Amino acid sequence: MHSATFTQLLVCLSISVTVHGLNLTAGENQVSRKKFLSGQDDIVDPVVIVPGIFGSQLDANWNKSTAPHVYCYKSVPDWTTLWLCFQCMVPKVIDCWVDNMLLNFTNNSFRNRDGVQTRVNDFGGTEGVEKLDKNGYYPYMKSLVDGITAIPGYEKGVNLRAAPYDFRYGANSPTGQLFLQNLRALIEDTYSKNKGRRINIIAHSMGNLYMLQFFKSVSSSWKRKYIKRYIAISGVFGGSVKSIRALVSGEIESIPRVLVDANAVRAFQRSFQSIYWLLPRKELWGVKRTDSFYPRQKLHGVRLCGPS
C-alpha cells in the first residue's frame with residue numbers, strides 16, 4: 001500500500017490521468033496538447049481521490065465512564081488525533097488508544113465505543129489523505145497529489161479533492177451511508193465549481209468497494225452527467241487475503257512491528273466492520289482453497305472462506 005513501487009505508480013498515474021483527461025488526439029487537438037504541456041492551457045478535468053483502508057486521518061474526542069488503565073484519560077473534550085497517532089503506540093499507552101479505536105457491535109450494528117466521537121480530517125481537501133499522520137512522517141497520497149498539482153491548472157480543494165472516510169466501517173453502516181451521501185454532494189459541488197466539467201474518480205484498495213456501492217446507489221443518467229472516468233487502483237473486489245492476516249495476527253502494512261504491538265492491533269481490527277467486508281469472496285476463491293503465509297520462515301496454511 002505504501003511501498004516505493006506503489007508511490008512510483010501514483011506519480012505515473014498523476015501524469016497520465018490528467019493528460020488522457022484532455023482526450024488528446026491527432027489533428028487539431030495537437031494544438032491543445034502543446035498548450036497543455038507548455039503550461040499555457042489551465043483547463044483540466046477535476047479529480048476526486050477516494051482512499052483505501054487506513055488511508056484517512058481520523059480525529060476523536062471522548063467522555064467515557066471507564067478506561068483500560070488508571071493513567072488513560074476518560075475525558076478529552078477537544079478534537080485530537082486518533083489515526084495515525086505514533087505517540088499513542090508506545091507500550092502501555094497503546095491500550096488507551098486501542099480502547100478508542102475499537103468498535104462495539106450492538107443491536108446488529110457497529111458503533112463507536114460509548115462516549116467516543118470521531119470525524120475525518122479535511123473532507124473535500126487533500127490533507128487528510130496526503131499523509132496518515134499530521135506531522136507528515138507517514139505519507140500516503142502525497143506523491144499523487146504533488147504530481148497532479150505540478151500540472152498547470154490544478155488547485156487543491158477546487159479541482160483536486162479527496163473524500164476521506166472512517167475506514168473502520170462498511171458501506172451499509174449508518175456511518176458508511178452518510179459518507180456515500182457526502183461523496184455525492186462533493187462530486188456535485190466539484191462539478192459546479194468547475195463549470196460543469198465531469199469528474200475523474202481515483203480510488204484505492206477498499207475505496208473501490210465504497211465506489212462500487214456508490215455507483216449502485218446513483219442512476220445511470222447521474223453517472224453520465226457527473227463522472228468522466230473511474231480509475232481503480234488495487235481494487236479488492238474479490239476481497240483481500242490481508243484481512244485474514246489482520247484477524248489472525250494483526251496487520252498494519254509497512255508499520256514495523258517493533259513500533260506497534262501486533263496483539264493490540266489485532267484487538268481493534270477484529271472489531272472493525274470493514275475487516276469482514278474485505279474477507280476473500282467464496283465466489284472467487286472457493287471454499288476449499290488453501291493459501292499460505294511465510295512469517296519468519298514458517299509455513300501456516302489458512303483456509304479462505306469469505307462471506308456470500
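Biologist: Which relative accessible area counts as buried?

Modeller: For the residues discussed here, the scale has three classes, with exposed set at over 50% and partly exposed in between. Buried means under 20%.

Biologist: Is Phe54 buried or exposed in this predicted model?

Modeller: The relative accessibility of Phe54 is 8%. The cut-off is under 20%, so Phe54 counts as buried.

Biologist: What is the mean pLDDT of the protein?

Modeller: In this predicted model, 77% of the residues reach a pLDDT of 70 or more. Over residues 1-12 the pLDDT is below 50, though the stretch has 24 contacts beyond near neighbours in sequence. Residues 14-41 are also below 50, with 37 such contacts in the model. The mean for the protein is 82.

Biologist: How many aromatic pairs are there?

Modeller: Ring centres must lie within 6.5 Å to pair. By this rule the count comes to 20.

Biologist: Phe54 and Phe272 form one aromatic pair; is it stacked, edge-to-face or tilted?

Modeller: The ring centres of Phe54 and Phe272 are 6.3 Å apart, with 45° between the planes. Stacked needs under 30 degrees and edge-to-face over 60, so this pair is tilted.

Biologist: How many residues apart in sequence are the parts that this pair ties together?

Modeller: Phe54 lies in the loop between β1 (47-50) and β2 (58-63). Phe272 lies in the loop between α10 (262-269) and α11, and at 0% relative accessibility it counts as buried. The pair therefore ties together parts separated in sequence by 218 residues.

Biologist: Phe86 and Tyr138 form another aromatic pair; which of the two is partly exposed?

Modeller: This pair is edge-to-face, at 6.3 Å centre to centre and 70° between the planes. Phe86 is in the loop between β3 (75-83) and α3 (93-101), and Tyr138 is in the loop between α4 (127-130) and α5 (142-149), so the pair ties together parts 52 residues apart in sequence. Tyr138 has 10% relative accessibility and counts as buried. At 26%, the partly exposed residue is Phe86.

Biologist: Which residues form one aromatic cluster with Phe54 and Phe272?

Modeller: Phe54 and Phe272 belong to one aromatic cluster. The other names in that cluster are Trp83, Trp97, Phe167 and Phe268.

Biologist: The side chain of Gln273 reaches the backbone nitrogen of which residue?

Modeller: Gln273 is in helix α11 (residues 273-277), and its 12% relative accessibility counts as buried. Beyond four places away in sequence, Gln273 touches several residues, including Leu103, Phe110 and Arg168. At 2.8 Å, its side chain reaches the backbone nitrogen of Gly170.

Note on methods:
Residues are numbered from 1 along each chain as its sequence is written. This is a predicted model: local features need pLDDT of at least 70, side-chain atom pairs count only at pLDDT 80 or more; totals for chains, interfaces and linings use all residues. Side-chain values use heavy atoms; hydrogens and water are left out. pLDDT is the predictor's confidence in each residue, from 0 to 100. Contact means heavy atoms within 4.5 Å. Helices (H or I, at least four residues) and strands (E, at least two) are DSSP runs, numbered from the N terminus. Buried means under 20% relative accessible area, exposed over 50%, partly exposed in between (1.4 Å probe, protein chains only). A polar contact is a pair of N or O atoms within 3.5 Å; within protein, one must be able to donate a hydrogen and the other to accept it, and residues adjacent in sequence count only if both atoms are side-chain atoms. Rings of Phe, Tyr and Trp (its six-membered ring) pair if their centres lie within 6.5 Å; planes under 30 degrees apart count as stacked, over 60 as edge-to-face and the rest as tilted.
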